[in-house]
Structures are given as C-alpha cells and as structure tokens.
Amino acid sequence: MTTPLAPGATIGIIGGGQLGRMLSIAAAQLGYRCHIYAPEDTPCAADVAALHICADYTDESALRDFVRNVDVLTYEFENVPAEPLRAIADEAPLHPNVDALELAQDRLSEKDYVVGHGGRPADYRAVSSLADLETAIADIGTPAILKTRRFGYDGKGQVRIMDAGAATSAWTEIGGQPSVLESFVDFEKEFSILLARGTSGETRIWDAPQNRHADGILAHSIAPGDGIIGEQKAAAGDLARGIAEALDYVGVLTCEFFASAAGPVFNEMAPRVHNSGHWTIEGATTSQFENHIRAICGLPLGNTALTAARIEMHNLIGADADDWMSWLKKDRAHLHLYNKGEARPGRKMGHVTQLF
Ligand SMILES: Nc1ncnc2c1ncn2[C@@H]1O[C@H](COP(=O)(O)OP(=O)(O)O)[C@@H](O)[C@H]1O
Ligand SMILES: [Mg+2]
C-alpha cells in the first residue's frame, strides 16, 4: 500500500458540479482542502472549496500549474479530455487512472471491455455510417437504441429506433456521429453497483439501489433494491469488482444494470461517484463521497452498511427545488441544494434523502 496522504493535504478536483461539491464537503470533514479546476465562472463546487481555477479542460499549462499545487488529483466529470491529463501525469497521482477514464468515455470500448470480463451488455453493434446502422438494425432488430459513443449523459445523445424505416432519420438526429446500436432490454428494474476500491486493493460495495428514470434523467433511487435486484446484485457486484481489479482502479466506480429475466444486463459505467449513490450520505455508515476521498488518499475504506431499513433519494430537477421548504418539514428527510442558480428545466438543482 502506498503511504497515506495525511489530512492537511490538498486534493485537486477536475470538474466543478455537485459531485465535486459533495466530494469537497466530505474531504473537508476529514481535514483535507480541495482545489477545483473548472471552466465555469461560478461552479457550485467552488462555494465549498479553498480555491477555484477557471480554465479550459484542454489548457495543458493551466492544468499543470493547478496540479503542481495539489497532492493528489481526481475528477468528478468523465468528459475531461484524457490527453492533457496524460501529459501532466508526472506532477501528482491521478485516481481513478487515465485508462479507466478513457474506457468509460467510449460506450463501445466500455461494452467490449465488460464482455472481455464476463459481463453481458444488451446485444450491440458499432455504427459509423448509415450503411452500418442499416446492417446493425437488420442484425439486432427493433426496438433498439442508437447512442453516440461519446459525451452522452442524462439520456442525451440517444435515439430510439422502433422500425428499420427510421434508420435515416435516427442517423441524422444523432448528427452522424460514431455510435453504438443496442437492442432494447425488456427489464424489470434498473439498479446500480457502487463500489469503492482503495490503493491496497481493498473493495467495499454498497447495497444496490433501484433507480427510476424520467425523460432519461435519474428521478429516484431506493435502497436496498428488492425482489429481482436482491437476486442479481451479487453477480453484478462480482462483475464490477473484477472490472475494478483489472483496471487497478482507485476510487468509487459505478456500474448501471438492467435486472432482466435472463440475469443482470450491464448498461454503462461511470468512473466516479454517481447520482444513484447520493443516498449514502445519510443512508450508509460511510458515504460514496467519503470513501472516494479515503480511497484516493490511500486511507482505509469505511463501512458501507445501511443506516435505515429503507432509503429513498429524490432528485430535485428544475423547479422541483422551489419546494425546498416542504422537505425541511418532513421528518428524517435530508435536503441538499447545490446553489446552481437558475432552475432551468432538466437541471439537477438538489436532492432529498428520506430515511424510513
Ligand atoms: N438498451 C436499453 N434498453 C432499455 N432501456 C434503455 C437502454 N439503454 C438505455 N435505456 C434507458 O435510458 C436510460 C439512460 O440511458 P444510459 O445508457 O444509461 O445513458 P445516460 O448516459 O444518459 O445515463 C437508462 O437508464 C434506461 O432507463
Ligand atoms: Mg445511465
């Protein structure tokens, strides 16, 4: 095991959203200071950090200056370009490593990798032209979903294809970008595996939450996921653990699954803390944010047991956050607001964790 980074040290976080904000809060509790690197003028993570450097993710010299002033580096956003991070790799340790980041940036490599480690995604084909798409539809059938290989999030960069006649319009809608066509999974429930892996290889997994999406955006996570999730979480957890080991991964890794009659179907991974793990702040002995900080600092990981029989996390999206007062009046409901300013439709403004 590498020498632990003692409290008092400085953690650099690339990305300035709510994940960085909650990581900074967890780091501060353990006596660390965070510096945020983000291109926005007023990223919400900067409210709770010691320093914000406002520069572009591709600005290698600004990134190098930033990293020289931190003891360890992490990221809260997976669309950070990998090349500048490779270029500054000698300046400070980066967790999770760049290979894990690059893998999770590309839906195709991610699925290939998971297949190579014994996982089962939905049937999929690489698509780089309209002709490829037509062949892929003929192979896989419909309904199917065309997803861009890169930069998709919250259901963006995806088109559902209900019949072969929709190929041309789908290819146009997706902007003719390198994509993956995947078959539509007839799932009973969706769940995620949240795993933390330390520098010593120690691994902890939280109980798998059930996730419900609305308009492609996570709406609610409920822990522990029951029924079919209880039956499939061990196999999904073993797959996630195997992937983390193969990547020599350090930090929190999230893998999303569909629980189907045929077993757990891998959907996608995120090399970071995840919205479906926000409930762990009050709903688990150690939160995903604290264990991520512990992991990247080389500390022992904390216990991940639940603190209540049932925990519900509700995202406050857009105008939902206007209702903050009513959540404060509810017993055992914990309100989190990210102070992101304008409550635009579809924007994640906060969340509530309700313990039962
Ligand atoms: N192959 C599929 N079959 C059925 N539903 C899907 C499939 N792919 C995605 N979805 C639905 O769309 C949601 C968002 O897709 P996902 O691939 O996780 O992209 P994002 O990066 O936007 O989270 C999923 O959580 C699921 O509800
Ligand atoms: Mg997803």
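Two residues count as in contact if their C-beta atoms, placed from the backbone, lie within 7 Å. By that yardstick, among contacts in the protein chain between residues at least 6 apart in sequence, 62% join residues at least 24 apart. The structure is a predicted model, in which local features need pLDDT of at least 70 and side-chain atom pairs count only at pLDDT 80 or more, while totals for chains, interfaces and linings use all residues. Residues are numbered from 1 along each chain as its sequence is written, with chains lettered from A and ligands numbered from 1 in the order in which they are written.

On to the overall build. The protein chain has 11 helices and 17 strands; these are DSSP runs, numbered from the N terminus, with helices being H or I of at least four residues and strands being E of at least two. Its radius of gyration, taken over C-alpha atoms, is 20 Å, close to the 21 Å that the globule rule (2.2 Å times the number of residues to the power 0.38) gives for 356 residues, so the chain is as compact as a globular protein of that length. Along the principal axes, the C-alpha atoms fill a box of roughly 60 × 50 × 40 Å.

The domain assignment splits things into domain 1 (10-94), domain 2 (123-183) and domain 3 (187-355); such bounds come from an automatic or database assignment. Between domain 1 and domain 3, 17 residues of the former are in contact with 16 residues of the latter. On the domain 1 side, helix H1 (18-29) and strand E4 (72-75) are the elements that give two or more residues, and H1 supplies the largest share, seven residues. By class, that side has 11 nonpolar, two polar and four charged residues (Ala, Val, Leu, Ile, Met, Phe, Trp, Tyr, Cys and Pro count as nonpolar, Asp, Glu, Lys and Arg as charged, and the others, Gly among them, as polar).

As for ligand 1, domain 2 and domain 3 both give residues to its shell, so it lies between them. Of the 15 residues around ligand 1 (C-beta atom, placed from the backbone, within 6 Å), Ala-122, Gly-155, Phe-184, Val-185 and His-213 come nearest. The shell has five nonpolar, five polar and five charged residues.

Finally, Ile-36 sits in strand E2 (residues 33-38). With 30 C-beta neighbours inside 10 Å, Ile-36 counts as buried, the cut-off being 20 or more other C-beta atoms within 10 Å of its own. Leaving aside neighbours within four places in sequence, the contacts of Ile-36 include Ile-13, Gly-20, Pro-43 and His-52.

Methods:
Buried ≥ 20, exposed ≤ 12 C-beta atoms within 10 Å, placed from the backbone.
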